[in-house]
Amino acid sequence: MTQQFYVSPEQLMKDRADFARKGIARGRSVVVISCEDGIALVAENPSPSLHKIGEIYDKIAFAAVGKYNEFESLRQAGVRYADVRGYSYDREDVTARGLASVYAQSLGAVFTAEQKPFEVELAVAEVGQTPELDHLYRLTFDGSIADEHGFIVMGGQAERVSASIAGGWRSSLRFAGAVRLAIGALANDADQNEAAGTPPAKAVEVAVLDRKSETSRGSRRAFRRLNDADITALLAEED
């Protein structure tokens, strides 16, 4: 006769949480920073096509760390949610808070009901007319949601990178300064066996939610992805 072993709910949840945290910590950090010109999203990512950062809707962007197939499925679901809501009601009804709530429900349901939780951590950012009106939401693997101020750091050695960002962040930073601050902090996220140093432009993924998109480009879309030449120029730019 097969003997069944009992596992308490507390231990089961702890094991799932530990499993997800280890998976997320194996990746490189992603930084989302609110600045004077908008919101900068920076990730150390050598892949030119498997993006950690993406556009969701007019003024809303998405960033993630963890397993690519899992967070990419969540990004696509977020795009569908935003398109349907914007079409059914009004474009202004699509907000980062609403999207973050949907993501929190999905992540929480998987964490409690499925055998394996998602090994992902997400950030949803919405640019406002001023830095004070920016919205930054951080979502963890268990569906917990936090409304952050100023910046978000996820994945890798997040505490070390966050401490580095906190030392240089201010709301008056221009976009170039925010990108340099983020890339400098990501350089500290190197493994002990690797040589620390600023990653090259081709190893970094950078995007911006432009605060002045409607007036400068005549478009509702605030999201813009930077290429290698743009990143190199930003790193060389003086304060």
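Which side chain does the side chain of Glu72 join in a polar contact of 2.7 Å? The legends below describe a predicted model, and the first of them gives the reply.

**View 1. Glu72 and Arg75 meet through their side chains.** Glu72 lies in helix 2, which spans residues 68-88. The partner of Glu72 is Arg75, and the polar contact between the two side chains is 2.7 Å. Glu72 counts as buried because its relative accessibility is 13%, below the 20% cut-off.

**View 2. Strands 3, 4, 5, 6 and 7 form an open sheet.** The strand order is 3-4-5-6-7, and the pairing is antiparallel. Strand 3 (53-57) and strand 7 (145-148) stand at the edges. Each has a single partner strand, so one side of each lacks a neighbour in the sheet. From one strand to the next, the twist averages 25°. Helix 3, residues 96-113, packs on this sheet. It touches strand 3, strand 4, strand 5 (120-126), strand 6 (135-139) and strand 7. The direction of helix 3 makes about 165° with that of strand 5.

**View 3. Strand 4 pairs with strand 3 and with strand 5.** Strand 4 covers residues 60-66. It runs antiparallel to strand 3, and 4 bridges join the two. Tyr57 has Ile60 of strand 4 as its bridge partner. Towards strand 5, the antiparallel pairing of strand 4 extends over 7 bridges. Here Ile60 stands opposite Glu126 of strand 5.

**View 4. Strand 5 is largely enclosed by the rest of the structure.** Why is strand 5 described as largely enclosed? The reason is that 7 of its 7 residues are buried. Val120, Leu122, Val124 and Glu126 point one way. Glu121, Ala123 and Ala125 point the other way. In a regular strand, side chains alternate between the two faces of the sheet. Strand 5 also runs antiparallel to strand 6, with 5 bridges between them. Val124 stands opposite Tyr137 of strand 6.

**View 5. Asp58 sits in the loop between strand 3 and strand 4.** Is Asp58 buried or exposed? Asp58 is buried, because its relative accessible area of 12% is under 20%. Its side chain makes a polar contact of 2.7 Å with the side chain of Arg91. Leaving aside residues up to four places away in sequence, Asp58 touches Arg91, Arg220, Arg221, Ala222 and Phe223.

**View 6. A second open sheet has the strand order 8-1-2-9-10.** Its 5 strands pair in the antiparallel sense. Strand 8 and strand 10 (223-225) are the edge strands, each paired on one side only. Neighbouring strands of this sheet are turned by 15° against each other on average, direction ignored. Helix 4 packs on the sheet and touches strand 1 and strand 8. Its direction makes about 155° with that of strand 8.

**View 7. Strand 1 pairs with strand 8 and with strand 2.** Strand 1 covers residues 30-35, and 4 bridges join it to strand 8 in an antiparallel arrangement. Val32 has Ile152 of strand 8 as its bridge partner. Strand 1 also pairs with strand 2 (residues 38-44), in the antiparallel sense over 6 bridges. Val30 stands opposite Ala43 of strand 2. Strand 8 (residues 151-154) is covered on both faces. Phe151 and Val153 are buried on one side, Ile152 and Met154 on the other.

**View 8. The second largest pocket holds about 330 Å³ of space.** The pocket is lined by 13 residues. Closest to its centre are Glu121, Arg138, Gly156, Ala158 and Glu159. Which helices each supply at least two residues of this lining? They are helix 1 (9-25) and helix 4 (158-168). Glu121 is also a buried residue of strand 5.

**View 9. Ala163 is an exposed residue of helix 4.** Ala163 counts as exposed because its relative accessibility is 53%, over the 50% cut-off. Arg224 lies 61 residues away from Ala163 along the chain. The C-alpha atoms of these two residues are separated by 27 Å.

Definitions and conventions: Residues numbered from 1 in each chain as written. Predicted model: local features only at pLDDT ≥ 70, side-chain atom pairs only at ≥ 80, totals over all residues. Heavy atoms only, no water. Pairing = 2+ DSSP bridges. Helix = DSSP H or I, 4+ residues; strand = E, 2+ residues; numbered from the N terminus. Axes fitted to C-alpha atoms, helices over the stretch in contact; angles between N-to-C directions. Contact = heavy atoms within 4.5 Å. Buried < 20%, exposed > 50% of the residue type's maximum accessible area, 1.4 Å probe, protein only. Polar contact = N/O pair within 3.5 Å; in protein donor to acceptor, adjacent residues only side chain to side chain. 1 Å grid on protein atoms, 1.4 Å probe; cavity = no way out; pocket = protein on both sides within 12 Å on 5 of 7 lines; lining within 4 Å. Points joined across faces, edges and corners; volume = space filled by probe spheres on them.
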